[in-house]
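Please find below my notes on the model you sent, set out as numbered points. I have kept to what can be read from the coordinates.

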Amino acid sequence: MTTDTAGEHTPGQGASEATAPGLESFGYSQELKRSLKLSDLIIYGLVFMVPIAPFTIFGVVFNGSKGMVPLTYLIGLVAMLFTALSYREMSRAFPIAGSVYAYAGRGINDKVGFIAGWAILLDYLLIPTLLYVMSAAALTSLVPAVPQWLWVVAFVVVNSVVNFFGIESTARLNKLFLVLELIVLALFVGFGLAAVVSGENGAHFSADPFLKPELLTPGLIFGALSIAVLSFLGFDGISTLSEEVKSSDRRLVGRATLWALVAVAVLFVVQTYVAALLVPGKTEFTGDDATNSAFYDIAGIAGGPWLKTTVAIAAALATGVANSLVAQAATSRLLFSMARDRKLPAFLGHVHPVRKVPQRAILFVAVISLILGVFFVGQLNLLSSLVNFGALFSFLMLQVSVFVHFVLRNRSRRWGLHLIAPLIGFAIIASVLWNMDTTARVSGVIWLAVGGCVLLYYRLSGRGTTLELEN
C-alpha cells in the first residue's frame with residue numbers, strides 16, 4: 001500500500017485540510033452525484049438511527065437494565081461518541097465511500113481493511129433484513145390476515161425503487177419521514193407527561209429510571225447496552241455518502257456524524273424516561289408478548305387505544321420504509337466501494353450513467369434482503385445480535401485505524417483525539433462485545449473466519465488486496 005499524502009493532514013489544520021484534493025488524490029474518478037448538504041447528511045443519520053427506535057425494543061432493554069432504560073441510552077451515547085469522533089477524524093483524512101473498510105484499509109493496511117469491511121458487511125447486509133422482519137411482525141399484529149413475508153416483499157420493492165431513482169429521491173423522502181416520526185414522538189411525550197402529572201397508573205416524577213443504586217452493576221449495564229446499541233447503529237452510515245457531498249469541505253461528514261448522534265440520543269433519553277415513569281416500580285416485563293409490546297401498551301396508558309395504534313404503525317413504517325431505505329442506500333455504497341477496489345465482484349461497482357447511483361449494488365441488496373427476510377421471519381433476536389457483532393467489531397478496527405494512521409504513521413501529537421479517545425472507545429466496545437450473546441459471538445467469529453478464507457483465496461490466486469493510490 002503506497003503512502004497517501006492527502007491523508008497526512010491532521011484535522012484542525014485549517015482551510016487547507018478542509019478543501020484538500022478530491023477523489024483523484026486517492027486514485028478514483030468521481031462517479032457518484034454530489035448533491036448532499038450538511039442538513040441532508042444529518043437527516044440521513046437521524047432517519048438511519050430512527051428517532052423512535054426505542055419503541056420497538058423498549059421492553060427488551062427495560063428487562064436487561066431493570067428499568068433503567070434512559071441511563072442505558074446515556075451510557076450508549078458516551079460509548080458511541082468516542083466511535084463518532086474516530087469516524088470524524090478518518091472521514092477528514094479519507095473523504096471516500098466505504099466507511100470503516102476504507103479507513104482501516106488506508107489507515108493501517110489493505111488486509112486489515114478487507115477484514116474490517118467484511119465485518120461491517122455482516123452489519124450492513126443484515127440491517128435491511130432485520131428492519132423488514134421487525135416491521136412485518138408489528139404490522140401482522142395489527143393486520144393478522146396479511147402474512148409477514150408479504151410485508152417484507154412490499155417493503156423491499158418500495159425501497160429499491162426509491163433508491164434506484166437517485167440519492168436526491170432518498171434525501172427528499174428522508175425529510176418527510178423524519179417530520180412524521182417527530183410528530184408521533186411529540187404526541188407520545190406530550191400525552192405521556194400529561195399522564196404522569198395526572199398520576200395515571202400511579203405514575204409520578206422520579207429519578208429511578210436514571211438510577212437504581214441497589215440494582216446497578218457493570219454487568220447489568222453492559223448487558224443492556226449490547227442490546228440498546230442497536231438503536232445507535234446508523235450514524236456510521238453517514239460516512240458512506242462521502243462521495244455524494246455537494247461541498248468539497250471534508251469536515252461536513254464528521255460534523256453530521258456527531259450532530260446526528262447527539263440529537264438522536266437526546267430523543268432516546270426523553271421518550272424512554274417518560275415511558276419508564278408510566279410503569280412505576282416495575283423492573284421487568286414478563287413473557288415475550290408483554291416484552292415486545294411494552295412501549296405500545298405504555299402508549300395506551302398515556303393516550304388510550306388510538307395512541308397505542310398510532311405508535312405501533314409509526315414504528316412499523318419507520319423501520320420498514322424509512323430506516324431500511326437509508327440502510328439499503330448505505331449498504332449499496334459499501335458494496336460499490338469494495339467492488340471498485342476488486343474486493344467484491346466487479347459488477348457491484350457499476351454506476352448508472354444517468355442517475356449516478358450504484359444500481360446493481362442496490363438491486364443486489366434488495367435480493368439478499370428479500371431472501372433473508374422471508375427466511376428469518378420471526379427471528380429478531382438472532383438477527384439483531386449478528387448485526388451488533390458486525391458493527392461493533394468494525395468499530396474496534398476503526399479505533400485501531402485512528403491510532404495507527406495519526407499517531408504511528410503521521411506522528412500526531414493530538415493525544416486526546418488520536419490516542420485517548422480511540423483507546424477509551426476500544427475498551428467500551430470490547431466490553432459490550434464481551435457481554436454479547438454467546439451465539440452471536442460464535443456466529444460472528446465464523447463470519448470473520450469465512451472472510452479470512454476469502455482474503456487467503458485472493459492472495460493465493462494472485463489478485464491481491466492492495467489499494468493503489470495516486471499521489
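**Notes on the predicted model**

1. I begin with helix H5, whose buried residues are Ser 99, Val 100, Tyr 101, Ala 102, Tyr 103, Ala 104, Gly 105, Arg 106 and Gly 107. The helix spans residues 99-107, and with 9 of its 9 residues buried it is mostly covered. Please bear in mind, here and in what follows, that this is a predicted model.

2. As for the overall make-up, the protein chain contains 17 helices and 0 strands, and buried residues account for 59% of its 471 residues. Among contacts with a separation of 6 or more in the chain, 83% are between residues 24 or more positions apart. The accessible surface of the chain comes to about 17400 Å², and carbon and sulfur atoms contribute 68% of that area.

3. The largest nonpolar core comprises 147 residues, and those with the most contacts inside it are Leu 41, Phe 55, Phe 58, Met 80 and Phe 395. Helix H6, which covers residues 110-142, gives the most to this core, supplying 20 residues. As a general point, nonpolar side chains in soluble globular proteins tend to be buried together.

4. Phe 395 deserves a separate look within this core: leaving aside residues up to four places away in sequence, Phe 395 touches Met 80, Thr 83, Tyr 87, Leu 233, Phe 235, Asp 236 and Ile 429. One of these partners, Met 80, is itself listed with Phe 395 among the core residues with the most contacts.

5. On the surface, a nonpolar patch is formed by Trp 149, Leu 150, Val 367, Leu 370, Ile 371 and Val 374, which together have about 530 Å² of accessible area. Helix H7 (148-164) and helix H14 (359-375) each supply at least two residues of the patch, and the largest share, 4 residues, comes from H14.

6. Is Val 367, a member of helix H14, buried, partly exposed or exposed? Its relative accessibility is 45%, and Val 367 therefore counts as partly exposed, given that this class lies between the buried limit of 20% and the exposed limit of 50%.

7. His 418, in contrast to the patch residue just discussed, counts as buried because its relative accessibility is 0%, where buried means under 20%. This histidine is found in helix H16, which runs over residues 415-434, and the side chains of His 418 and Glu 89 are joined by a polar contact of 3.0 Å.

Methods: Residues are numbered from 1 along each chain as its sequence is written. This is a predicted model: local features need pLDDT of at least 70, side-chain atom pairs count only at pLDDT 80 or more; totals for chains, interfaces and linings use all residues. Side-chain values use heavy atoms; hydrogens and water are left out. Buried means under 20% relative accessible area, exposed over 50%, partly exposed in between (1.4 Å probe, protein chains only). Contact means heavy atoms within 4.5 Å. Accessible areas come from the Shrake-Rupley method with a 1.4 Å probe; for residues, only the protein chains shown count as cover. A nonpolar core is a set of buried Ala, Val, Leu, Ile, Met, Phe, Trp, Tyr and Cys residues joined through side-chain atoms within 4.5 Å. Patches are made of residues with over 30% relative accessible area and no salt bridge: like charges are joined within 9 Å, nonpolar side chains (Val, Leu, Ile, Met, Phe, Trp, Tyr) within 5 Å. A salt bridge is a side-chain nitrogen of Lys or Arg within 4 Å of a carboxyl oxygen of Asp or Glu. A polar contact is a pair of N or O atoms within 3.5 Å; within protein, one must be able to donate a hydrogen and the other to accept it, and residues adjacent in sequence count only if both atoms are side-chain atoms.
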